[in-house]
Amino acid sequence: MSTVHSPRMPDALDMLEADHRALEQLFDAFDHAGAAAPEHKQSLVQRACELLTIHAIVEEELLYPMAQDALAAQRNIDVDEAYVEHFLMTSLIDRLVSLTAGDDGFDTTFRMLKEHAGRHVAEEEATLFPELRRMQLDLVTLGARMSVRRDALRGRIAETAMTALPH
């Protein structure tokens, strides 16, 4: 007799992992853009910075506090380290906002962001996410809350971009 497994509902960690894959694609596209494509590179950096910013806010407001509570007794996972990693990435994003493709330091700063993000993603996916899944938390409900927050943040970014356009 075979057992039929119903697929599980997508949850908060699935959403965050999808963000990770999207970021990896943006980083790879930047690496392949070449020096002759400054407008394309600028667009890729802007999209990556927006995605990373929204991703970090959602993690810091919703995932990390839950993770800290759930993992309080475990010494092998340090959620505080993730906050520091986000701070470092946010600092690099702030620097990128003041630069334009072709400026000295633009490519280097984005590559540093890629490096920090890559380490952060690897650590989350290797330790934090599996541990949270093992604990059988309500990640589906958390995912729904994250989706609402993400939509609000996207709306705010779009609104800010519209007010920055010349009239």
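In the predicted model, Lys 114 has a relative accessibility of 28% and therefore counts as partly exposed. The side chain of Lys 114 engages Asp 31 in a salt bridge, with the closest N and O atoms 2.3 Å apart. This pair links distant parts of the chain, since Asp 31 belongs to helix α1 and Lys 114 to helix α4, 83 residues apart. Asp 31 is likewise assigned as partly exposed, because its relative accessible area is 34%.

The salt bridge between Asp 31 and Lys 114 belongs to a set of eleven found in a search of the whole structure. Side chains of opposite charge can pair when their charged atoms come close. Another such contact joins Arg 21 and Glu 125, at an N to O distance of 3.1 Å. Arg 21 is located in helix α1 and Glu 125 in helix α4, so this pair ties together parts that are 104 residues apart in sequence. With a relative accessibility of 34%, Arg 21 counts as partly exposed; Glu 125 is also partly exposed, its relative accessible area being 24%.

A salt bridge is also formed by the side chains of Asp 19 and Arg 150, where the N to O distance is 2.9 Å. Here the connection runs between distant parts of the chain, from Asp 19 in helix α1 to Arg 150 in helix α5 (residues 139-164), a separation of 131 residues. Both Asp 19 and Arg 150 are buried. In addition, a network of salt bridges links Asp 11, Asp 14 and Arg 133.

Aromatic contacts were examined next. A pair of aromatic rings is described by the distance of the centres and the angle of the planes. Four aromatic pairs are present in the structure. For Phe 27 and Phe 110, the ring centres lie 5.2 Å apart and the planes meet at 50°, so the pair is classed as tilted. Phe 27 is part of helix α1 (residues 12-33) and Phe 110 of helix α4 (residues 106-134); the pair therefore ties together parts that are 83 residues apart in sequence. Phe 27 counts as buried because its relative accessibility is 5%, and Phe 110 is buried with a relative accessible area of 1%.

The pair formed by Tyr 64 and Tyr 83 is edge-to-face, with 5.2 Å from centre to centre and 75° between the planes. Since Tyr 64 lies in helix α2 and Tyr 83 in helix α3, this pair ties together parts that are 19 residues apart in sequence. Tyr 64 has a relative accessibility of 0% and so counts as buried, whereas Tyr 83, at 24%, counts as partly exposed. Ring pairs further link Phe 27, Phe 30, Phe 106 and Phe 110 into a cluster. Within this cluster, Phe 30 has Lys 41 over its face, at 4.9 Å from the ring centre.

Leu 62 is placed in helix α2 (residues 38-70) and counts as buried because its relative accessibility is 12%. Not counting residues up to four places away in sequence, Leu 62 touches Leu 142, Arg 145, Met 146 and Arg 149. Of these contacts, Arg 145 is 83 residues from Leu 62 in sequence, yet the two C-alpha atoms are 8.0 Å apart in space.

On the surface, a nonpolar patch is formed by Val 84, Phe 87 and Leu 88, which together have about 290 Å² of accessible area. Val 84 is found in helix α3 (residues 79-97).

Conventions
Residues numbered from 1 in each chain as written. Predicted model: local features only at pLDDT ≥ 70, side-chain atom pairs only at ≥ 80, totals over all residues. Heavy atoms only, no water. Patch = residues over 30% accessible without salt bridge, like charges linked within 9 Å, V, L, I, M, F, W, Y side chains within 5 Å. Areas by Shrake-Rupley, 256 points an atom, 1.4 Å probe, with all protein chains shown as cover. Salt bridge = Lys/Arg side-chain N within 4 Å of Asp/Glu carboxyl O. Helix = DSSP H or I, 4+ residues; strand = E, 2+ residues; numbered from the N terminus. Buried < 20%, exposed > 50% of the residue type's maximum accessible area, 1.4 Å probe, protein only. Contact = heavy atoms within 4.5 Å. Phe/Tyr/Trp six-rings, centres within 6.5 Å; stacked < 30°, edge-to-face > 60°. Lys NZ or Arg CZ within 6 Å of the ring centre and 35° of its normal.
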